[in-house]
Amino acid sequence: MGSYLITGGTVVTATDTVAADVFIDGEQIAAILAPGSLLGAGLRREGVPVISADGCYVLPGGVDPHTHFEAEGQSVPVLDTFATGTRAAALGGTTTVIDFAYARPGERPAQGLDWYHSKADGQCAVDYGFHMMLTSCDAGTVADVDQLMDRGVTSFKLYTAYTGTLYSTDDVILRMLQHSRRSGALMMLHAENGPAIDVLREQAVEAGQTEPRYHARTRPAALEAEAVHRVTRLAEVAGAPVYIVHLSSAEGLGEVVRARARGVRVLAETCPQYLFLDEDRLALPGFEGASFVCSPPLRAKEDQEALWKGLSDRHLQNVATDHCPFCRDQRLPGVDDFRKIPNGLPGVEHRLEQVFHGGVAGGKISLNRWVEICSTAPAKIFGLYPRKGTLAPGADADVVIFDPHAGHVVSAKTHHMNVDYSVYEGQALSGAVRTVLLRGKVVVDDGRYTGASGDGRFLARGASITEP
Ligand code: DUC
Ligand code: ZN
Ligand code: ZN
């Protein structure tokens with residue numbers, strides 16, 4: 001690990017946009033100074049390598065707080081491993097991921113965490129942490145949470161959907177929120193009304209409505225909004241913050257906005273699929289329709305506009321990918337029965353570029369807000385800031401050099417995720433990630449991967465900043 005001087009770029013953080021040079025010493029940022037001043041201090045004579053960022057933005061590495069690598073919880077396994085998925089993340093400028101660990105039936109969460117460490121340790125191309133899914137809560141779960149907090153897992157996912165498997169009842173959710181208030185753990189909620197969805201699914205199947213588009217019809221936005229309302233009210237009663245994962249709809253967002261107006265500390269993420277894709281995709285014939293199944297489902301075009309506004313108005317804090325890819329063969333058995341299609345879409349590689357493209361180039365958010373949404377806010381919310389999420393002396397030297405004038409077209413032929421199709425096939429993105437450093441090591445050089453599996457380290461996370 002040596003030193004680098006990044007020159008000629010515009011340094012962009014959540015708060016500032018300045019022409020500056022970045023001096024990296026070992027794994028950390030050593031200094032950010034006026035252009036040329038570090039060279040003038042004799043660094044060139046000392047042989048410090050210079051990376052030119054002329055015409056580019058220089059920003060903190062992306063933090064994607066929602067991925068599922070090597071997950072086995074659905075009917076078929078996710079094919080992206082920690083090695084392949086994090087490599088794709090690095091190529092897209094994401095230098096930290098937080099994946100969802102879970103315990104297998106009959107095991108405690110601590111065993112689930114051991115299992116996830118055995119999958120990820122030594123394999124990752126970027127730094128990584130874990131959330132823990134809490135799915136069969138009992139009297140011992142509070143102690144489980146405390147134990148995991150001591151091991152650097154400080155956020156936990158509960159479900160109001162998937163009755164009989166992942167689902168938690170309101171009493172469990174309230175108790176966990178009350179505990180989170182005491183312990184500082186952050187509860188994350190998958191907010192859709194599972195029992196009501198079960199009724200709609202049963203009725204659709206009885207009526208012979210089993211094509212992929214009925215996946216969306218049986219999970220309407222009203223049932224997301226209902227669950228968001230309920231869990232934010234429970235958080236209000238508990239006096240605890242709550243984080244809504246993969247928020248997909250204008251109606252759901254409305255409940256977030258109302259809860260925040262009441263003073264509830266609600267944080268929420270949306271995902272690229274809800275910003276760029278709409279429910280019409282599910283009506284495409286055959287595999288095409290099946291290839292867009294995720295939960296919550298894709299919504300209407302108007303929802304996309306509302307979500308962008310939510311990001312710009314700061315009611316939504318993060319864009320996370322919920323990367324959970326399944327290939328064609330894994331989806332085909334569900335072409336005539338949506339219940340058999342595994343839920344989830346690929347996307348970990350494109351988030352930074354997509355939010356720049358749709359948000360900054362699209363005139364919806366500022367450069368600083370882009371960095372905040374993709375890096376700073378998730379680092380704060382998930383206990384990684386200021387080590388991650390900013391460019392400042394002492395922060396990890398996770399740096400992205402982003403060329404706003406370059407561009408590329410997304411395609412399964414050229415992406416690096418281990419999945420044989422892209423839901424964004426043909427999307428022409430303005431701007432491209434050029435060079436990426438992970439703790440001072442160049443892992444992407446001019447678009448080519450130069451890192452190695454095992455470059456990434458486990459991140460034991462601290463307490464959340466819930467007012468980022
Ligand atoms: N929730 C997720 O977070 N990912 C995949 C499917 C789901 O329901
Ligand atoms: Zn979920
Ligand atoms: Zn997910």
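Trainee: Why is histidine 190 called buried in this model?

Mentor: The model is predicted, so the value is computed from predicted coordinates. Histidine 190 has a relative accessible area of 2%. Buried means under 20%. Therefore histidine 190 counts as buried.

Trainee: What makes lysine 157 buried or exposed?

Mentor: Use the cut-off of 20% again. Lysine 157 has a relative accessible area of 2%, so lysine 157 is buried.

Trainee: What makes Lys157, His190 and His246 donors of the zinc ion (ligand 2)?

Mentor: Distance decides. A donor is an N, O or S atom within 2.8 Å of the zinc. The atoms here are NZ of Lys157, ND1 of His190 and NE2 of His246. They lie 2.1 to 2.3 Å from the ion. Therefore they qualify as donors.

Trainee: How are these donors spaced along the chain?

Mentor: The spacing reads K-x32-H-x55-H. Lysine 157 sits in strand E11 (residues 155–159). Histidine 190 sits in strand E12 (residues 186–190). The two are 33 residues apart, and the pair links distant parts of the chain.

Trainee: How far is the zinc ion (ligand 2) from the zinc ion (ligand 3)?

Mentor: The two ions are 4.4 Å apart.

Trainee: How do you know which side chains make polar contacts with ligand 1?

Mentor: Look for a pair of N or O atoms within 3.5 Å. A polar side-chain atom of histidine 66 is 3.1 Å from an oxygen atom of ligand 1. For lysine 157 the distance is 2.7 Å. For tyrosine 162 it is 2.4 Å. Each value is within the cut-off, so each pair is a polar contact.

Trainee: How much of ligand 1 does the protein bury?

Mentor: Taken alone, ligand 1 exposes 240 Å². The protein buries 94% of that.

Trainee: What classes of residue make up the shell around ligand 1?

Mentor: The shell has one nonpolar, six polar and two charged residues. Tyr162 is among the residues around ligand 1. Tyr counts as nonpolar, so Tyr162 falls in that class.

Trainee: How many disulfides does the structure hold?

Mentor: Zero. A disulfide needs two cysteine sulfur atoms within 2.5 Å.

Trainee: Why does cysteine 124 form no bond with cysteine 324?

Mentor: The closest cysteine sulfur to that of cysteine 124 is in cysteine 324, 16 Å away, so the pair is too far for a bond. Cysteine 124 is also buried, at 0% relative accessibility.

Trainee: What about cysteine 374?

Mentor: Its closest cysteine sulfur is in cysteine 271, at 12 Å, so that is too far as well. Cysteine 374 is buried, with a relative accessible area of 1%.

Key
Residues numbered from 1 in each chain as written. Chains lettered and ligands numbered in written order. Predicted model: local features only at pLDDT ≥ 70, side-chain atom pairs only at ≥ 80, totals over all residues. Heavy atoms only, no water. Donors = N, O, S within 2.8 Å, 3.2 Å for Na, K, Ca; no water. Helix = DSSP H or I, 4+ residues; strand = E, 2+ residues; numbered from the N terminus. Buried < 20%, exposed > 50% of the residue type's maximum accessible area, 1.4 Å probe, protein only. Near = heavy atom within 4 Å. Polar contact = N/O pair within 3.5 Å; in protein donor to acceptor, adjacent residues only side chain to side chain. Areas by Shrake-Rupley, 256 points an atom, 1.4 Å probe, with all protein chains shown as cover.
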